[in-house]
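Open your viewer and get ready to select residues by number. We will make a few stops, one after another.

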Amino acid sequence: MYGYNGKILFIDLTTGAINIEPLEQKMVEDYIGGYGFGAKILYDRMPKGADPLGPDNILGFITGLSNATGAMFGGRFTMVHKSPVTGGWNDSNSGGYFGPELKKAGFDGLFISGISEKPVYIWIKDGVVEIRDAAHLWGMDTKDVWDKLKEEHEDEKAKIVAIGPSGERQSLLACPINDGHRAPGRGGGGAVMGSKKLKAILVRGTGTVPVADMDRLQGITRDVVKTIKGSPSSLAFGDHGTGIGTAASALSGDSPVKNWGGVGIRDYGEEKAVALSAKVMDKYKTKKYACASCPLGCGAEYEVNDGRWPVGHTERPEYETASSFGSTLLCGDMDAIIKVNEVCNRYGIDTISTGMTVAWAMECYNEGVLTRDELDGIDLKWGDGEAIVSITQKIADGEGVGAVLANGSLYAAKHFGKGEEYLQTASGIELPMHDPRFAPGLARTYQYDPTPGRHVKGGVGSIQMGGKETRPKYVYEGTGDQDVELTAAREILNSAGFCLFSRFGTPPGGMIDDYVEAITGMDFKGERSKTTGLRIYTMRHAFNLREGITPKDMYITQRALGKPPLTDGPLKDVEIDNLLLGQNFFNELDWDPETGIPSREFLKSIGGLDGLIQDLYGEDE
């Protein structure tokens with residue numbers, strides 16, 4: 001079995017049982033890795049209706065087939081679980097080095113069930129697995145845990161994923177942090193870890209992963225590196241990372257402004273937008289940071305020893321962070337953005353949902369819905385950096401109003417019994433930082449993907465964001481075929497453990513399917529790749545169907561759809577027909593748009609879904 005260790009690790013924290021099961025060849029052929037494995041395993045092993053914060057929820061950390069093979073951009077792992085935010089399927093992925101290290105330690109995935117009686121961490125080293133006491137780590141922030149465990153194990157090369165105090169309190173904004181500042185951020189995974197009293201996972205591996213055709217893999221890699229070296233835009237992205245386009249996005253309509261109700265040119269302005277661009281913030285840069293097997297190195301380490309918040313050694317905020325705390329809040333204070341990024345990383349909370357929750361509270365305050373007393377005396381005016389830092393710290397500490405906001409904007413609106421008109425969510429989770437009014441295909445992805453509210457999923461919106469659409473983007477008829485094709489392709493990229501920014505190194509003729517073939521030895525191009533992607537998508541969707549979540553239950557708030565439309569700016573008069581986009585997608589798949597149930601013919605044509613056919617239709621005719 002090329003590209004894999006052939007082992008999946010299962011741990012029950014209630015009983016302390018540690019079991020290693022073989023990875024079957026059929027699983028590899030049908031689901032590739034990442035959330036492909038995750039969707040199949042959770043669907044098969046989790047009971048319907050499991051409490052997301054209870055013992056039956058299974059938390060998975062899964063490698064991609066590209067991890068630890070030397071494939072460029074192959075450094076991402078996936079976390080899966082039932083979401084305590086949406087009540088449905090959740091996957092999120094992260095870069096850094098944790099995924100490849102888990103694979104080098106001998107496992108293709110780790111699945112954790114049960115609840116420990118006391119705080120614990122899991123220690124994995126070259127196939128040996130232990131559950132260890134973590135009482136002395138409980139209460140520490142993620143970076144202190146990182147330092148403490150490496151010190152205790154006398155191994156600077158060990159890789160760690162850990163929750164901070166927010167995860168321990170089971171904040172629904174909480175996420176684990178790996179490698180000190182990388183995060184599988186969305187959907188409440190940190191709360192799930194906290195509910196299991198799992199503080200951290202520490203991994204060290206020295207193994208190697210077999211590759212079917214190393215010569216071919218190295219040839220693809222040479223083409224990737226050559227492509228990047230010949231692309232000035234790719235090199236610039238490598239220098240300044242995701243924040244290189246922060247200013248342009250805020251002014252063009254790509255980034256949301258003033259809790260999705262404003263216009264960048266009018267309400268935010270060029271001066272504030274430019275102040276948060278990575279080129280400007282990089283005055284604090286001390287060195288580049290690159291995830292495993294990345295030829296770009298789009299991250300950066302900072303040293304901030306001056307100003308209102310001298311946080312010392314820290315990391316450059318990513319685009320999503322700079323936008324969620326920047327244009328969305330009308331804040332142009334560089335030091336405030338760096339500070340809240342550090343707070344979120346240390347406490348372990350998702351910057352997108354946290355920034356959007358602050359945006360909800362800020363609009364409620366400025367519109368007179370929430371009072372200053374209800375916000376613990378914080379004068380949460382639009383754009384006020386000090387107020388933004390103060391409210392974010394309260395969220396991180398779970399103190400006062402922060403204990404309410406720490407569970408997200410929808411929870412807060414229900415708690416206060418007001419302000420729902422200012423929510424910007426998809427099925428209850430805060431929207432990410434790319435506006436569907438700018439790339440309308442995102443409306444279908446945000447609303448109907450099995451993991452709602454994600455800009456990293458596939459569909460026509462993914463090319464509209466980059467201005468590479470092949471048809472008028474505001475014409476909503478006939479989008480289904482391309483939407484399905486692009487969705488299937490993204491399922492493969494994500495499940496195989498590749499970074500979304502591999503597009504910067506993609507040589508003519510493609511890269512992902514070529515790498516899959518070189519690593520595994522399987523014939524994978526064309527229809528095989530598409531079918532596999534759709535099978536993975538279908539299993540994620542099937543998890544939601546079993547939980548009673550159908551397309552008619554999935555929603556996106558109206559403001560992000562241009563309802564009512566903006567009256568000026570680059571998105572003037574844009575109103576998205578999200579329902580037609582959804583119908584086009586489901587009709588192309590041959591799924592019922594109302595119930596979300598795939599036709600028997602579709603399921604048979606995909607293959608490998610006999611169990612799902614049984615569940616949906618009973619015995620085959």
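**Stop 1: two buried rings**

Select Trp 89. Trp 89 is buried, because its relative accessibility is 0% and the cut-off for buried is under 20%. Now add Phe 543. Phe 543 has a relative accessible area of 0%, so it is buried as well.

How are the two rings arranged, and how far apart are their centres? Trp 89 and Phe 543 form an aromatic pair, one of 18 in the structure. Their centres are 5.5 Å apart, and the planes meet at 65°. That makes the pair edge-to-face.

Colour the elements around them. Trp 89 belongs to strand 5 (residues 89-94), while Phe 543 belongs to helix 23 (residues 527-546). The pair therefore ties together parts that lie 454 residues apart in sequence.

Keep in mind that this is a predicted model.

**Stop 2: along helix 23**

Select Tyr 537 and Trp 591. Their ring centres are 6.0 Å apart and their planes lie at 40°, so this pair is tilted. Tyr 537 is in helix 23. Trp 591 sits in the loop between helix 24 (578-589) and helix 25 (600-606). The pair links distant parts of the chain, 54 residues apart.

Are these two residues buried or exposed? Tyr 537 is buried, at 1% relative accessibility. Trp 591 is buried too, at 3%.

Now widen the selection. Add Tyr 448, Phe 585, Phe 586 and Phe 602. Together with Tyr 537 and Trp 591, they form one aromatic cluster.

**Stop 3: arginines over rings**

Which residue lies over the face of Tyr 35? Select Arg 540: it lies there, at 4.7 Å from the ring centre. Next, select Tyr 43 and Arg 546. Arg 546 lies over the face of Tyr 43, at 4.6 Å from the ring centre.

**Stop 4: two helices meet**

Show helix 4 (residues 142-152) and helix 14 (residues 334-347). Two packed helices are described by the angle between their axes and the distance between the axes. Here the angle is about 55°, and the axes are 6 Å apart. Helix 4 and helix 14 are therefore oblique to each other.

Which residues make the contact? From helix 4, select Thr 142, Lys 143 and Asp 144. From helix 14, select Glu 342, Asn 345 and Arg 346. Colour this contact by class: four residues are charged, two are polar and none is nonpolar.

Terms used:
Residues numbered from 1 in each chain as written. Predicted model: local features only at pLDDT ≥ 70, side-chain atom pairs only at ≥ 80, totals over all residues. Heavy atoms only, no water. Phe/Tyr/Trp six-rings, centres within 6.5 Å; stacked < 30°, edge-to-face > 60°. Helix = DSSP H or I, 4+ residues; strand = E, 2+ residues; numbered from the N terminus. Buried < 20%, exposed > 50% of the residue type's maximum accessible area, 1.4 Å probe, protein only. Lys NZ or Arg CZ within 6 Å of the ring centre and 35° of its normal. Axes fitted to C-alpha atoms, helices over the stretch in contact; angles between N-to-C directions. Parallel < 35°, antiparallel > 145°, perpendicular 65-115°, else oblique. Contact = heavy atoms within 4.5 Å. Nonpolar A, V, L, I, M, F, W, Y, C, P; charged D, E, K, R; others polar.
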